[in-house]
Every structure is written in C-alpha cells, then in structure tokens.
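Got the viewer open? Load the model, switch to cartoon, and keep the selection box handy.

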Amino acid sequence: MECKTAKWLIDILEAIQEIDDFVQKNQIRSFPNYQQNKMLKRAVERNLEIIGEAVNRIKQNDEQTLLKIEHARSIIALRNHVIHAYDSISDENIWSILIKHLPKLREEVKNLLENRSK
C-alpha cells in the first residue's frame, strides 16, 4: 500500500471519528433529534463528503485497496449526491448510514491500515 493510500484511509477514520464526536457531543440518540439539528446535519454531510472524496482518490490510485472496501462505489456516489444534489438529501438515508454503515467502514479501514505492511 502506498503512503498516499494510507493517508486517505486515515482521513476516512478521522472523518468518522468527527461524526461520532459531533453526535455524542450533541447527545443525539434518535433520528428526530438528528433531523432537528441543522448544524449537526451539515457537519455530518461535510464529513461524508470527505470520506467519499478519500475513497474516490483511493479508487483512482490503488484499485487493490479499493476492492477491500465493501461499499466503495456507494460511498463515492453518496459524496457526489451530497455535493451535487444537496437539495434532495434524505435525512433518513444519512441517519441509516451513520447507524448501519459507518461502524463497518471504520472496521474495514482499521484492518486495512493494520495489515498494510503484510
């Protein structure tokens, strides 16, 4: 794995951690709480953009690592949707990503970083 790829993987982990910190700091425990907090939603969306851009850069530079990120193409598509179709972002979809998909992505990325020299 190239150093650039490791840097992008670290960026993904940092963005996920920021999202977790924002959610915990604001004591968001339910979808209605998330939906009502506009500043939190924008912070989460920005970090999802960062995650998507990092995955996109991995796609362009390290196809082998990309293949190890299960939903890589969906992550990139989400980034494009958040940026280009900002007026049709579904709070429900974003909440689902936070609850169901980010924990799995975190584990995938951690494993990639831990096994990068193998």
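What follows is a walk from the overall fold to a few side chains and then to a pocket.

**Before you click**

This is a predicted model, where local features need pLDDT of at least 70 and side-chain atom pairs count only at pLDDT 80 or more, while totals for chains, interfaces and linings use all residues. Residues are numbered from 1 along each chain as its sequence is written, and side-chain values use heavy atoms, with hydrogens and water left out.

**Stop 1: the whole chain**

Colour by secondary structure. You should find six helices and zero strands, so the pattern along the sequence reads α-α-α-α-α-α. Here helices (H or I, at least four residues) and strands (E, at least two) are DSSP runs, numbered from the N terminus.

Now zoom out. The radius of gyration is 14 Å, close to the 13 Å that the globule rule gives for 118 residues, so the chain is as compact as a globular protein of that length. That radius is taken over C-alpha atoms, and the globule rule is 2.2 Å times the number of residues to the power 0.38. Along its principal axes, the C-alpha trace spans about 45 × 30 × 20 Å.

Colour by accessibility next: buried residues make up 43% of the 118 residues. Buried means under 20% relative accessible area, exposed over 50%, and partly exposed in between (1.4 Å probe, protein chains only). As for contacts (heavy atoms within 4.5 Å), take those between residues at least 6 apart in sequence: 73% of them join residues at least 24 apart.

**Stop 2: Arg106 and Asp20**

Select arginine 106, in helix H6, and show its side chain as sticks. Which residues does arginine 106 contact, leaving aside neighbours within four places in sequence? They are Leu13, Ile16, Gln17 and Asp20.

Asp20 deserves a distance label. Its side chain meets that of arginine 106 in a salt bridge, at 2.1 Å from N to O. The term covers a side-chain nitrogen of Lys or Arg within 4 Å of a carboxyl oxygen of Asp or Glu. This pair links distant parts of the chain, with arginine 106 in helix H6 and aspartate 20 in helix H1 (residues 3–25), 86 residues apart. Buried or partly exposed: what is each partner? Arginine 106 is buried, with a relative accessible area of 17%, whereas aspartate 20 is partly exposed at 22%.

**Stop 3: along helix H3**

A search of the whole structure finds 10 salt bridges, and two of them can be picked out in helix H3. Start with arginine 42 and glutamate 45, whose side chains come to 3.3 Å, N to O. They are three residues apart in helix H3, so about one helical turn separates them. Arginine 42 is partly exposed, with a relative accessible area of 44%, but glutamate 45 is buried at 7%.

Then select glutamate 53 and arginine 57. Their closest N and O atoms are 3.2 Å apart, forming a salt bridge, and both residues lie in helix H3, four residues apart, about one turn of the helix. Each is partly exposed: glutamate 53 at 23% and arginine 57 at 38%. Add Arg79 to the selection, as salt bridges that share partners join Glu53, Arg57 and Arg79 into one network.

**Stop 4: Phe22**

Go back to helix H1 and pick phenylalanine 22. At 28% relative accessibility, phenylalanine 22 counts as partly exposed. Not counting residues up to four places away in sequence, phenylalanine 22 touches Leu40, Ala43 and Asn47. For a bearing on the next stop, draw a line to histidine 101: the two C-alpha atoms are separated by 17 Å, with these positions 79 residues apart along the chain.

**Stop 5: the largest pocket**

Select His71, Ser74, Ile75, Ile97 and His101, which lie nearest the centre of the largest pocket among its 14 lining residues. On a 1 Å grid over the protein atoms alone, a pocket is an open set of points where a 1.4 Å probe fits, with protein on both sides within 12 Å along at least five of seven lines; lining residues have an atom within 4 Å of a point.

How much space lies in the largest pocket? About 250 Å³, where volume is the space filled by probe spheres set on the points, and grid points are joined across faces, edges and corners.

Colour the supporting helices too. Helix H3 (38–61), helix H5 (72–84) and helix H6 (91–114) each supply at least two lining residues, and H6 gives the most, with six. By type, the lining divides into eight nonpolar, three polar and three charged residues. Ala, Val, Leu, Ile, Met, Phe, Trp, Tyr, Cys and Pro count as nonpolar, Asp, Glu, Lys and Arg as charged, and the others, Gly among them, as polar.
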